[in-house]
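Notebook open, coffee poured. I want to go through this one piece by piece and jot down what I find.

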Amino acid sequence: MNDAARDMQDLYRELVIDHSRNPRHFGRLENATHTADGINPLCGDKLRLYFRVGAGGRIESSSFEGSGCAISIASASLLTEAVTGLEVDDAKHCSSTVTSRLTTAMPYADLDARLENLKALDGVRAYPSRVKCATLAWHALHAALSNDMKPATTE
Amino acid sequence: MGAVAKTVTATDWRADFPALDQSVHGQALIYLDSAASAQQPAAVIDAVARYQREDHANVHRGVHTLSHRATEAYEGARDKIRGFINAKSRSEIVLTSGTTESINLVAQSFCRPRLQPGDKILITHLEHHANIVPWQLVCEQTGAELIVAPINERGEVELDSLLDLIDDRVFLIGMAHVANALGTVCPVEKVIEHARQRGIPVLIDGAQGVPHLDVDVQALDCDFYAFSGHKMFGPTGTGVLYGREAILDAMPPWQGGGDMILEVSFDKTIYNELPYKFEAGTPNISGVVGLGAAVDYLQSIGMPTIARYEQELHDHMVARLKNVDGMRLIGEARHKASVQSFLLDDIHSHDLGTILDHQGVAIRTGHHCAMPVMQFFGVPGTCRASLAFYNNRDDIEQLVAALEKARELFA
Ligand SMILES: Cc1ncc(COP(=O)(O)O)c(C=O)c1O
């Protein structure tokens, strides 16, 4: 396998392919309390995220729907797995950690154990034009939980 | 591979383009995105550099030597462009920043003062946004209506359906010569012929026509023909609006400023003659010099030779792509040039674009500034491979091999 092929497999890791093929928590969430759209005008990725936040401020369930490239779908799918069960503030904190991990060259923002799977997205760091695909869902999460009704965009 | 029976070899032409001689991600670059922007031959790059080093000054303004040389170089390029598309007169060659500006100029200067509520602008379903949005704007401004001729499943404009839409309220027809997302060569000759009989002006968006076809605006008999320098191997920020002289003459200026006037007082300004009336301000002189060099270069090969070579390569590309498992071709017009859009399995076009880039193969992905075309085919975007005469059969093999690899990765 040459370097190029290895790099490709670093971007499209098995977990990414798996989540893009079989996205978890895909579909509309009935009785969602928070929702937001994420739009990436360059790629045409469009996501809608749903969260149900309980009285105690904990995310009881999350889901998403929409269309996009493998990276954006996998990222959204991994997101729903990672933040369900978290306090709203912790989820927002995750969003900042993940986006800074993907967007800032150094140092790597550390991810705690529950975000371990999100390391599968690390490959995008080498692809400036694709970073936005990976961060889209996380921007939308932030918008939803901030009750900001404007769609999040990557622009 | 590469055993193409031809009298001229693409390999020779390819060596004229310095940017093609490089690796990306450790792989030899295979550039299949010329429809977005074509690479420039050394002749163009050198002409621009020589102008910048030796001749640069403002045009039409100074009595000094450099200004004279700059003016000669700039106006010389206009003459070359006139010859290239066989316009009757240099007055008919308005230099713009590109196709987009050329079309906006016609919408605002030709249409806007004349359009009445209820008038119609007729375009087709396969246009680039640059041949849609300027008309929408002028329709909003005047109460006119934009109407759209349909395309069929192959991505062809159906002539009869288009002609059926023509009535007395159609003020202008705007259509692509070659569709950028689909590669369809449109039946512009027939449309122009019908329109002429009814006295309806026609604008041809030639952004994808000029680089691949032997364009003769007098033979076409269109009223306007718009194209961009950077798609015909010249610099970005250059373009042309060809307009029939009598029509240009009757149009008010597009922008006001220096160069477009003969005499200015605060009471009245007398506009300059054609084509300067439409060229306000200091133009993109070095870019136009480069565009002139691109014309010389293309003429040294000959557009008929280029068209013949590219047609064969295009047909070969389509045949090879058809053989790739999981391939869905988008745009299968019977008459096509240079371009093939496609989707592979259910791989998103951007994923495919990234995977191909990694193997050195540059293609365009997304909606190609033709969202209505994407809507027609029910897809968010496509992958598009587009050819120029510097491509060859080996490039097609690399493309096919890269697609096979992508399938493995996503299997
Ligand atoms: C058919 C067509 N029309 C118009 C344009 C716009 O050209 P430019 O961006 O150079 O003004 C393009 C470029 O993509 C095109 O392909």
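**Chain A against chain B**

I started with the contact between the two chains, where 19 residues of chain A touch 13 residues of chain B. Worth keeping in mind throughout: this is a predicted model. I looked up the buried area next, and chains A and B bury about 1400 Å² between them. Of that area, 58% is on carbon and sulfur atoms.

Then I went for the polar side of things. I found two salt bridges between chain A and chain B. One I wrote down is Arg130(A) with Asp351(B), whose side chains come together at 2.8 Å, N to O. I also noted seven residue pairs in polar contact between chain A and chain B, with both partners at pLDDT 80 or more.

Which elements of chain A give two or more residues to the side that touches chain B? I got α1 (3-11), α2 (14-21) and α3 (70-83). The biggest giver is α1(A), with five residues. Sorting the residues on this side of chain A by type, I have twelve nonpolar, three polar and four charged.

**The ligand**

Moving on to the ligand, I listed the residues around it, all from chain B. Among them are Gly98(B), Thr99(B), Thr100(B), His128(B), Asn180(B), Asp205(B), Gln208(B), Ser228(B), His230(B) and Lys231(B). Ala130(B) and Ala207(B) are in the shell too. By type, the shell splits into two nonpolar, eight polar and two charged residues.

I checked some distances to ligand oxygen atoms:

- Thr100(B) puts a polar side-chain atom 2.6 Å from a ligand oxygen.
- Gln208(B) has a side-chain N or O atom 2.7 Å from a ligand oxygen.
- Thr99(B) uses a polar backbone atom, 3.4 Å from a ligand oxygen.

How much of the ligand does the protein bury? Alone, the ligand exposes 390 Å², and the protein buries 86% of that.

**Salt bridges overall**

I counted over all chains and got 31 salt bridges. One that I followed up sits within chain A: the side chains of Arg101(A) and Asp122(A) meet at 2.5 Å, N to O. This pair ties together distant parts of the chain, 21 residues apart. Arg101(A) belongs to helix α4 (residues 88-103), while Asp122(A) is in the loop between α4 and α5 (128-145).

**Backbone oddities**

Last, I looked for unusual backbone geometry. My yardstick: most residues other than glycine have a negative phi, and most peptide bonds are trans.

In chain B, I noted a cis peptide bond running from Leu274(B) to Pro275(B), with omega near -5 degrees. Where is Pro275(B)? I found Pro275(B) in the loop between β12 (269-271) and α10 (285-301) of chain B.

In chain A, I flagged His25(A), which is not a glycine yet has a positive phi of about 50 degrees. I placed His25(A) in the loop between α2 and β1 (34-40) of chain A.

Key. Residues numbered from 1 in each chain as written. Chains lettered and ligands numbered in written order. Predicted model: local features only at pLDDT ≥ 70, side-chain atom pairs only at ≥ 80, totals over all residues. Heavy atoms only, no water. Contact = heavy atoms within 4.5 Å. Buried area = accessible area lost by both parts, 1.4 Å probe. Salt bridge = Lys/Arg side-chain N within 4 Å of Asp/Glu carboxyl O. Polar contact = N/O pair within 3.5 Å; in protein donor to acceptor, adjacent residues only side chain to side chain. Helix = DSSP H or I, 4+ residues; strand = E, 2+ residues; numbered from the N terminus. Nonpolar A, V, L, I, M, F, W, Y, C, P; charged D, E, K, R; others polar. Near = heavy atom within 4 Å. Areas by Shrake-Rupley, 256 points an atom, 1.4 Å probe, with all protein chains shown as cover.
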